[in-house]
Amino acid sequence: MKIGIGNDHSALELKAEIIELLKERGHEVVDYGTNSPESCDYPVYGEKVGRAVASGEVERGILICGTGLGISLAANKVKGVRAAVCSEPFTAKMSRAHNNCNILAFGARVVGAELAKMIVETWLDTEFEGGRHQRRVDMLMDIENRNE
């Protein structure tokens, strides 16, 4: 799978560990930055990954900032993105199984490296269940379309 990853300055070290995990699992990784420890604006990277996912440039995205919140909010402004902040594996599983989320976000200041890896692995390994959940995802997309 081709996965886009983006982050702000708070997540450089964690991003490197997640990229290593993704590559070990055989995924192609596109790094949308930042790669600098200088303070930066997380919306830039949330939008970059959001646009890459929405356009099909990458199949899914992973975003990391201090909490995961700001960067996910930026990504969710891109039409077609369903980004979820997950701080433990169960939410990551349900974000895929029930919501077909195409971007995972988490906070470098909230979860440690090992927990982040478990969250990523769970999210990647969970398939969308469809069925009754598809109707609800369609409803979310209808809301998005009505508010363009």
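Is cysteine 101 buried or exposed? Cysteine 101 is buried, with a relative accessible area of 6%; buried here means under 20%, exposed means over 50%, and partly exposed is in between, using a 1.4 Å probe and protein chains only.

Before going further, a word on the model. It is a predicted one, so local features need pLDDT of at least 70 and side-chain atom pairs count only at pLDDT 80 or more, while totals for chains, interfaces and linings use all residues. Residues are numbered from 1 along each chain as its sequence is written, and side-chain values use heavy atoms, with hydrogens and water left out.

Let's start with the sheet. It is open, has 5 strands in the order 2-1-3-5-4, and pairs in the parallel sense. Strand 2 (28-31) and strand 4 (83-85) each have a single partner strand and stand at the edges, so one side of each has no neighbour in the sheet. On average, neighbouring strands are turned by 25° against each other, direction ignored. Strands and helices here are DSSP runs numbered from the N terminus, with at least two residues (E) for a strand and at least four (H or I) for a helix. Two strands pair if DSSP finds at least two bridges between them. As background, strands of a sheet pair through backbone hydrogen bonds, either parallel or antiparallel.

Now walk through the pairings. Strand 1 (residues 2-7) is joined to strand 2 by 4 bridges, and isoleucine 5 stands opposite aspartate 31 in strand 2. Strand 1 also pairs with strand 3 over 5 bridges, again parallel, with asparagine 7 opposite isoleucine 64. From strand 3, another 5 bridges lead to strand 5, where leucine 104 is the bridge partner of isoleucine 62.

Strand 3 deserves a pause. Of its 6 residues, 6 are buried, so the strand is largely enclosed by the rest of the structure. Both faces are covered: Arg60, Ile62 and Ile64 are buried on one side, and Gly61, Leu63 and Cys65 on the other. Arginine 60 also lies over the face of tryptophan 123, at 5.0 Å from the ring centre. For a charge to sit over a ring, NZ of Lys or CZ of Arg must be within 6 Å of the ring centre and within 35 degrees of the ring normal.

What about helix 2 (residues 42-55)? This helix lies across strand 1, strand 3 and strand 5, running at about 170° to strand 3. Contact means heavy atoms within 4.5 Å; axes are lines fitted to C-alpha atoms, for helices over the stretch in contact, and angles run from 0 to 180 degrees between N-to-C directions.

Back to the cysteines. The count of disulfides is 0, a disulfide being a pair of cysteine sulfur atoms within 2.5 Å. For cysteine 40, the nearest cysteine sulfur is that of cysteine 65, 9.8 Å away. Cysteine 40 is buried too, with a relative accessible area of 15%. The sulfur of cysteine 101 is 7.0 Å from its closest counterpart, in cysteine 86, which is too far for a bond.

Finally, two backbone details in loops. The peptide bond from glycine 33 to threonine 34 is cis, with omega near 5°, and threonine 34 lies in the loop between strand 2 and helix 2. Asparagine 100, in the loop between helix 4 (89-97) and strand 5, has a positive phi, near 50°. Most residues other than glycine have a negative phi, and most peptide bonds are trans.
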